[in-house]
Amino acid sequence: MARARLLASLCGLVFLVNLARIIFAPLLDVFISEFAIGEGTAGLIVTLAWIGSASLRLPTGWLLTKVPRHQVVLSSGVILAVSSAFAATATTVPHLMAGAFFMGIASGVYFVSANPLLSELYPSRIGQVMGIHGAANQIAAVIAAPFVVLTLVIDWRLSLWAIAVGAAVVTAYTWFAARGTEMPAAGADDRDFVAGALSEWRLIVTALVIVGAASFVWQGLFNFYELYMQSKGLSDRMAGTMLTIVFAAGVPAFYFGGDLADRLPHVPYLLGIVGAFSASMFALTMVDGLLPLLVLTSIIGFVIHTLFPATDTYLLDTLPDSTRGSAYAVFSSSWMLMQALGSWVVGLLIESGLTYDAVFGGAAALLGASVVVLVVLERTNRLPS
């Protein structure tokens with residue numbers, strides 16, 4: 001029961017840290033209008049949140065060799081509460097960018113410490129627990145757009161103030177739950193950050209090669225999804241609904257994707273997910289009309305969100321206790337940095353005159369080609385698993 005309470009509190013905290021990253025996507029139109037900026041600058045605000053998420057993951061990995069995981073998790077909640085309040089007071093673009101960056105930092109610190117902690121709390125059900133935790137994470141993405149719509153009735157800043165207050169409350173409860181839980185000792189031997197990470201470099205590089213490009217493309221796709229749907233002739237309201245659907249499909253995807261990650265061979269499963277994502281996104285660029293867009297939006301949302309629990313299970317299940325925290329931090333930092341650049345690159349390409357269909361169609365084709373190469377390598381046993 002104590003571990004269940006801690007898991008529940010972490011589900012609440014992950015909901016807030018992910019909402020802090022996602023909240024900027026449905027606010028892009030507001031930022032463009034209120035601060036008189038272009039798509040590239042607006043995309044950079046989103047990118048900074050994700051760069052912030054990547055920036056302190058390596059130092060956090062080092063900190064985990066010195067400090068218990070649950071204490072680092074609690075610090076992420078404090079960072080989130082303070083940084084969200086700071087962003088809510090923004091009156092200039094640099095101020096807003098700084099707030100987005102620090103809100104991203106909170107999520108980076110959280111995931112690097114919480115995911116290894118959960119895998120060690122439930123070592124026989126890593127995929128399932130990652131799926132449950134990820135589903136809570138994904139619910140934040142589902143409600144982000146309608147939540148912003150509600151807060152816009154008063155002021156867009158209200159959405160950031162709500163995150164700040166929620167983070168303070170949930171962090172306090174997580175501290176209470178952690179006090180009554182006997183923490184696992186699985187990471188006790190993980191005390192040399194550099195040596196631990198270097199010893200697992202092949203596994204880290206393999207995981208990045210498999211999932212890095214897909215997550216980069218996904219970042220660019222979902223942060224501009226509303227504008228993309230508008231370019232296909234949908235109304236503003238329906239475009240926002242599509243963004244909600246693409247995230248809503250991820251709630252069951254996290255749960256079932258995590259469960260399958262416990263049952264299927266890790267590398268073939270990941271390659272299948274990336275291949276399905278590239279195919280469905282390419283199909284999206286070829287269609288118009290509400291019904292085809294609705295179907296493909298649901299498929300894309302489900303497929304891409306199975307990638308995340310599958311990736312975490314691959315790393316956390318394969319890494320030994322003696323290197324898990326260190327190596328996972330290096331992977332997580334590198335992976336997040338690769339993702340972070342996606343929305344900025346897409347924004348620049350759109351500003352240069354390319355259409356959304358051209359940008360995403362080209363990305364899907366390149367992603368599909370990379371999967372073919374990786375499948376050949378996997379079939380010839382050249383990828384570690």
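The following paragraphs describe the overall fold, the salt bridges and two buried positions of a predicted model.

In this predicted model, the secondary structure of the chain amounts to 17 helices and 0 strands. The radius of gyration is 20 Å, close to the 21 Å that the globule rule gives for 385 residues, so the chain is as compact as a globular protein of that length. Taken along the principal axes, the box filled by the C-alpha atoms is roughly 55 × 50 × 35 Å. Of the 385 residues in the chain, 57% are buried, and among contacts between residues at least 6 apart in sequence, 85% join residues that are at least 24 apart. The chain exposes about 14500 Å², of which 69% is supplied by carbon and sulfur atoms.

With respect to charge, the chain carries 17 positive and 21 negative side chains, and the centres of these two sets lie 8 Å apart. Side chains of opposite charge can pair when their charged atoms come close. In the present model the count of salt bridges comes to 8. One of these is formed by Glu120 and Arg69, whose closest N and O atoms are 2.9 Å apart. This pair links distant parts of the chain, with Glu120 in helix H6 (residues 93–121) and Arg69 in helix H5 (residues 69–88), 51 residues apart. Both Glu120 and Arg69 are buried, and the two residues also belong to a network of salt bridges in which Arg69, Glu120, Asp321 and Arg324 are linked.

A further salt bridge joins the side chains of Lys232 and Asp357, with an N to O distance of 3.1 Å. Lys232 lies in the loop between helix H11 (225–231) and helix H12 (236–248), whereas Asp357 lies in helix H17 (residues 356–379), so the pair ties together parts that are 125 residues apart in sequence. The two partners fall into separate classes of accessibility: Lys232, at 10% relative accessibility, counts as buried because the cut-off for that class is under 20%, while Asp357, with a relative accessible area of 28%, is partly exposed. The salt bridge between the side chains of Asp155 and Arg157, at 3.8 Å from N to O, likewise pairs a partly exposed residue with a buried one, given that Asp155 has a relative accessible area of 31% and Arg157 a relative accessibility of 16%.

Two buried positions within helices were also examined for their surroundings. Leu10 lies in helix H1, which spans residues 2–22, and is buried, its relative accessible area being 0%. When neighbours within four places in sequence are left aside, Leu10 is in contact with Val73, Tyr110, Leu117, Leu118, His133 and Thr174. Leu10 is also separated from Asn115 by 105 residues in sequence, although the C-alpha to C-alpha distance between Leu10 and Asn115 is 9.9 Å.

Thr60 is found in helix H4, which covers residues 57–63, and this residue is likewise buried, with a relative accessible area of 5%. With residues up to four places away in sequence not counted, Thr60 touches Val72, Val109 and Val112.

Notes
Residues are numbered from 1 along each chain as its sequence is written. This is a predicted model: local features need pLDDT of at least 70, side-chain atom pairs count only at pLDDT 80 or more; totals for chains, interfaces and linings use all residues. Side-chain values use heavy atoms; hydrogens and water are left out. Helices (H or I, at least four residues) and strands (E, at least two) are DSSP runs, numbered from the N terminus. Buried means under 20% relative accessible area, exposed over 50%, partly exposed in between (1.4 Å probe, protein chains only). Contact means heavy atoms within 4.5 Å. The radius of gyration is taken over C-alpha atoms; the globule rule is 2.2 Å times the number of residues to the power 0.38. Accessible areas come from the Shrake-Rupley method with a 1.4 Å probe; for residues, only the protein chains shown count as cover. Lys and Arg count as positive and Asp and Glu as negative; His and the chain ends are not counted. The place of a charge is taken as NZ of Lys, CZ of Arg, CG of Asp or CD of Glu. A salt bridge is a side-chain nitrogen of Lys or Arg within 4 Å of a carboxyl oxygen of Asp or Glu.
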